[in-house]
Amino acid sequence: MASRTDTKTRILDAAEKLFAERGFSETSLRLITSKAEVNLASVNYHFGSKKELIRAVLARYLDVFMPSAAAEIQRLFKNPELANLNEIFSSLIKPLLELNQVRHGGTTIFLQLLGRGYIESQGHLRWFITTHYGKYLESFVKAVSASAPHIPPAEMFWRLHFTLGTIVFTMASADALNEIAEADYGEHNDTEAIIRKVIPYMAAGVSVPILAKE
């Protein structure tokens, strides 16, 4: 049993790194098996297909992040005075940082993988997330919508996707941005500091009033 578990974990570890770096479409099962030092039969045995492997890679993070994030938002709304967009986005910091306990650098890896799922044609992955974690997503969207009631649902849809794109790009470029900030401004930022920097920007973007058409 231990050997089977080790093999499955090696496959997941190798797959997530390659998926994050190269993307889902550009990463072959042969490349994954080579990095994990297993044979193709092992992948088929544990996961059945590449699509199932992709979902399993994301599930390692989503199973931790989604319930934790929903609990933080629920806690926040017990105090209505704190339930503004800055506080809602800030409530996700702790659940995001907890992903570093799943894997070293887990926060960044998760956001990179999530971005890959939206950038590439991975409809099955979006179906998987909405089907298995829909109630958690719904609680987040409701919280944001309640804090910005002047934004219509269709516009909120776009703004939340712009927000996701912002955080994904920022974390994917974190190393390069940190080097520039340190060289040009003497700043030393860790993952939490970067997330805290981008939150006011995202909150302002989501809540800015819609300009009237001329």
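The second largest pocket holds about 200 Å³ of space, in a predicted model where local features need pLDDT of at least 70, side-chain atom pairs count only at pLDDT 80 or more, and totals for chains, interfaces and linings use all residues. Residues are numbered from 1 along each chain as its sequence is written, and side-chain values use heavy atoms, with hydrogens and water left out.

A pocket is an open set of points on a 1 Å grid over the protein atoms alone, where a 1.4 Å probe fits, with protein on both sides within 12 Å along at least five of seven lines; lining residues have an atom within 4 Å of a point. Its volume is the space filled by probe spheres set on the points, which are joined across faces, edges and corners. Of the 14 residues lining the second largest pocket, T108, Q112, M171, A174 and D175 are the closest to its centre. Two or more lining residues come from each of α7, α9, α10 (174–185) and α11; helices are DSSP runs (H or I, at least four residues) numbered from the N terminus.

The largest pocket contains about 830 Å³ of space. Its lining comprises 34 residues, of which Y118, L137, F140, L160 and L164 are the closest to the centre. At least two residues each are supplied by α4 (50–76), α6 (93–97), α7 (106–119), α8 (123–147), α9 (153–172) and α11 (191–207), with α8 giving the most, nine residues.

The table gives the composition of both linings (nonpolar: Ala, Val, Leu, Ile, Met, Phe, Trp, Tyr, Cys and Pro; charged: Asp, Glu, Lys and Arg; polar: the others, Gly among them).

| Pocket | Nonpolar | Polar | Charged |
|---|---|---|---|
| Largest pocket | 28 residues | five residues | one residue |
| Second largest pocket | five residues | seven residues | two residues |

Helix α8 has 25 residues, yet its end C-alpha atoms are only 30 Å apart, short of the 36 Å of a straight helix at 1.5 Å a residue; the expected span is 1.5 Å times one less than the number of residues. A kink of about 85° in α8 is centred on Y133, the bend being the angle between axes fitted to the seven residues ending at a residue and the seven starting there. Y133 is among the buried residues of α8, as are H124 and F140 (buried: under 20% relative accessible area; exposed: over 50%; partly exposed: in between; 1.4 Å probe, protein chains only). The buried residues of α8 pack against α4, α5, α7, α9 and α11.

S90 lies in helix α5 (residues 85–90) and counts as partly exposed because its relative accessibility is 24%.

Terms used: Contact = heavy atoms within 4.5 Å.
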